[in-house]
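Please open the structure in a viewer and keep the selection tool at hand. The tour below proceeds stop by stop, stating what to select and what is found there.

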Amino acid sequence: MSTANDQPLKRALTTPLLYFFILGDVLGAGVYVLIGQVAADSGGAVWVPLAAALALAMLTAASYAELATKYPRAGGASHYATRAYGPFAGFLAGFCMLAAGIVSVGALARGFAGDYLTAFVTLPVALVAVVFLAALALLNARGIQESTRANVVATLVELGGLAIVVVLGAWLLLRGEGDPDRLTRLGTAEHGAAAAVLSGAVLAYYSFVGFETSVNVAEETRDPRRSYPRALFGALATAGAVYVLVGLAASAAVPTGTLAASSGPLLEVVKAAGGVPVWLFSAIALVAVANGALLTGIMSSRLAYGMARDGLLPAALTKVLPGRRTPWAAIALTTALSMVLALTGSVATLASTLVLLLLVVFFMVNTAVLVLRRDPGVPGHFRAPTVLPVLGAASCVLLATQVEPEVWLRGLIVLGVGLVLAAVAAARRDGERTPARTR
């Protein structure tokens, strides 16, 4: 086996592959279930909080575009925070990303083994979760190029499913059914229009989460300075346009109360319109879940690899396959942890903390951009206007104020564990350096 010091990761990603990587990660399973929850918080004008969430996501995306082209290497937010604030902050950022990623993969594994699969076959959840995660790990280890090619197919399937919803919604309106007036109804009994937009945007923001994972494959991109900004902003713009169209179609076609009460709100559009088998959407949802788990698994393994190379995790995690040059040790560890979470069922307890953990990371990334402006980095890298990272950091604080107290409690527990481990990692690293200076 080889290590990162003598064999770097293979540069195999082109701009189109990176675009589909990001688009596939953003267009995950969330959009198939979140529309109803957003409607419950914001009212019939679901497209407004979706558009607001896109604008907020673009702010942080600009910071990622600058840092990923300035420092194109695996490690992502952990690497940026280490450069800006030192190993303590770097470990904490990486820990939050790893916790979110590993929990997400475990949750998606259970989701894959749940109701969508039972539309076709009934199998033990534990068995399905283990086989599912093992298969994803093998695809991940085979190579980034193979994984992202599979992602292109899956992303096209996901887009096809969402296009069906848009077409069926338009068909309903052409038949004289549905209610286009719902598209202007903003607010609920509990919230006025402004509060409804902000409350709905917190949920809608989760629909755009996933773009941040792409920085961990910048090192495997052929020309990251040129490719990464184009792929990142293009994918987010595409996802935003699709989400707004889906929101318009679903809200016009189905009563807001029906959307809010459904755990599969897009299926309500299919049922209302007719003409498309319900089982087809179950199949599409399975593809969406599998694709999201694959891409999040790629992120988690590359992040663990990058943190190990920065000295924040054991050096054994830098081992790569000699032929494939993929981080097999990091893939094995992150997959094993996801399996444990999927089998124990503790994923549900931590899943609601994912957005909060990522807001912590995003705040660190946005501020790191400003701190690292004194470092020229790679010549010709993308540079975001200064106002964007400032607004990005402010948006993280704003969204965090909308997180429910019980979620904060769980999130603080996870952050507390991260702080303790970060202190241990920083102390160990300082201890390793001190003897070297005294020799």
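**A patch on the surface**

Begin by selecting Phe120, Val121, Leu123 and Trp279, which together form a nonpolar patch on the surface with about 390 Å² of accessible area. The model in view is a predicted one. Of the patch residues, Trp279 belongs to helix α13, which covers residues 278–309. Helix α13 should be kept in view, as the next stop returns to it.

**The largest cavity**

How many cavities of 30 Å³ or more does a search of the whole structure find? The search finds three. The largest cavity holds about 120 Å³ of space. To locate this cavity, select Val105, Asn140, Ala293, Gly297 and Thr335, the residues nearest its centre among the 15 that line it. Next, colour the elements that give two or more residues to this lining: α5 (87–112), α7 (125–142), α13 and α14 (328–344). Which of the elements provides the largest share of the lining of the largest cavity? That share, five residues, comes from α13. When the lining of the largest cavity is coloured by class, nine residues are nonpolar and six are polar, while none is charged.

**The second largest pocket**

Now select Phe95, Leu98, Ala99, Ile102 and Leu337, which lie nearest the centre of the second largest pocket. This pocket contains about 510 Å³ of space, and its lining consists of 28 residues. Two or more lining residues come from each of α5, α13, α14, α16 (354–371) and α18 (405–438). Here the largest share belongs to α18, with seven residues. Colouring the lining of the second largest pocket by class gives 25 nonpolar residues, two polar residues and one charged residue.

**Helix α4 and the residue after it**

For the last stop, select residues 76–85, which make up helix α4. Is this helix mostly covered or mostly uncovered? Helix α4 is mostly covered, with eight of its 10 residues buried. To display the buried residues of α4, select Gly76, Ala77, Ser78, His79, Tyr80, Ala81, Thr82 and Ala84. Finally, move just past the end of α4 to Gly86, where the backbone takes a positive phi of about 105°.

Conventions. Residues numbered from 1 in each chain as written. Predicted model: local features only at pLDDT ≥ 70, side-chain atom pairs only at ≥ 80, totals over all residues. Heavy atoms only, no water. Patch = residues over 30% accessible without salt bridge, like charges linked within 9 Å, V, L, I, M, F, W, Y side chains within 5 Å. Areas by Shrake-Rupley, 256 points an atom, 1.4 Å probe, with all protein chains shown as cover. Salt bridge = Lys/Arg side-chain N within 4 Å of Asp/Glu carboxyl O. Helix = DSSP H or I, 4+ residues; strand = E, 2+ residues; numbered from the N terminus. 1 Å grid on protein atoms, 1.4 Å probe; cavity = no way out; pocket = protein on both sides within 12 Å on 5 of 7 lines; lining within 4 Å. Points joined across faces, edges and corners; volume = space filled by probe spheres on them. Nonpolar A, V, L, I, M, F, W, Y, C, P; charged D, E, K, R; others polar. Buried < 20%, exposed > 50% of the residue type's maximum accessible area, 1.4 Å probe, protein only.
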